[in-house]
Amino acid sequence: MLEIADLTLKYGQSQILNGISMTAKPGQVTAVMGTNGVGKTSLLKAIAGRHPYSGGTITLDGKPLDHPTAFQAARAGIAYVPQGREVFPLLTVTENLTTGFACLPRGGKVIPPRIYELFPVLAEMKDRRGGDLSGGQQQQLAIARALITRPRVLLLDEPTEGIQPNIIKQIGRVIEALRGEGEIAIVLVEQYFDFAYNLADEFVALNRGSVVLRDPKAKVDRATLLSRVSI
Ligand SMILES: Nc1ncnc2c1ncn2[C@@H]1O[C@H](COP(=O)(O)OP(=O)(O)OP(=O)(O)O)[C@@H](O)[C@H]1O
């Protein structure tokens with residue numbers, strides 16, 4: 001389980017996260033929601049070691065992650081799929097996938113067949129360059145690359161952004177399949193309300209860097225959630 005307590009983050013003098021506390025449990029989707037600029041990406045970056053946080057704690061399966069670098073976070077089991085995907089355009093699909101090997105021990109550097117079961121299109125396109133894939137295919141590649149690291153936590157930053165509806169459905173099915181396996185805690189940052197609402201087990205709504213709602217799905221009705229994330 002991922003546990004975040006009182007997390008604060010600044011860019012220069014600007015305080016962006018004001019003490020975020022939340023958890024994400026294996027086999028569940030925790031949706032982090034809120035309008036543009038409330039701090040969703042900053043939260044994921046702090047968890048993934050992509051930006052230093054100034055206070056608070058991040059704990060994974062009971063072990064504190066003490067201001068990890070991106071490499072240390074990945075090695076500890078945190079996989080991050082950034083907004084905009086960050087696929088390497090000149091590397092092939094296979095080469096993009098194998099960049100995920102960097103944080104794995106020597107014996108573990110193989111692409112599990114499960115990756116191609118989840119994303120059959122990547123098997124078909126394994127020798128194509130990342131930059132030649134459609135946006136939806138690149139998103140699938142970015143998620144697959146994150147899964148290569150066999151994470152305990154999967155951080156997804158706006159996976160539906162700019163993607164056509166049939167691929168959004170496929171990505172939704174992959175998230176459901178991963179949830180069903182019960183091993184990975186999925187943190188989904190998403191502005192496509194219905195996509196997040198349908199998939200999530202827990203909701204965390206942010207406004208101006210603070211948590212304004214943190215509830216399991218059974219405890220929050222759609223209208224209340226919608227009002228909190230549209231402030
Ligand atoms: N590198 C940076 N330097 C300075 N300010 C930043 C930086 N990155 C983000 N910000 C600011 O921090 C605030 C939170 O940004 P963040 O990207 O975390 O929000 P968000 O909720 O993910 O928004 P969006 O949905 O637009 O991605 C915004 O006001 C943004 O302008």
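1. Start with one strand pair in this predicted model. Strand S7 covers residues 153-157, and it pairs with S6 in the parallel sense. Four bridges link S6 and S7. One of the bridge partners to look for is Leu155 in S7, which is matched with Tyr80.

2. Now place that pair in its sheet. The sheet is open and has six strands. Their order is S6-S7-S8-S3-S9-S10, with mixed pairing. Strand S6 (78-81) and strand S10 (210-216) each have a single partner strand, so one side of each has no neighbour in the sheet. These two strands stand at the edges. On average, neighbouring strands are turned by 15° against each other, direction ignored.

3. Next, the helices on the sheet. Helix H1 (residues 40-47) packs on the sheet and touches strand S3 (29-33), S6, S7, strand S8 (185-189) and strand S9 (202-207). The direction of H1 makes about 150° with that of S7. Helix H7 (residues 165-181) lies across S3, S7 and S8. H7 runs at about 150° to S8.

4. Then look at the domains. The domain assignment gives domain 1 as 1-23 + 34-66 + 203-231. Domain 2 is 77-200. The centres of the two domains, taken over C-alpha atoms, are 22 Å apart.

5. Which residues make the contact between the domains? On one side are 16 residues of domain 1, and on the other 13 residues of domain 2. H1 and helix H9 (222-229) each supply at least two residues of the domain 1 side. By class, that side has ten nonpolar, five charged and one polar residue.

How values were computed: Residues are numbered from 1 along each chain as its sequence is written. This is a predicted model: local features need pLDDT of at least 70, side-chain atom pairs count only at pLDDT 80 or more; totals for chains, interfaces and linings use all residues. Two strands pair if DSSP finds at least two bridges between them. Axes are lines fitted to C-alpha atoms, for helices over the stretch in contact, and angles run from 0 to 180 degrees between N-to-C directions. Two residues are in contact if their C-beta atoms, placed from the backbone, lie within 7 Å. Domain bounds come from an automatic or database domain assignment. Ala, Val, Leu, Ile, Met, Phe, Trp, Tyr, Cys and Pro count as nonpolar, Asp, Glu, Lys and Arg as charged, and the others, Gly among them, as polar.
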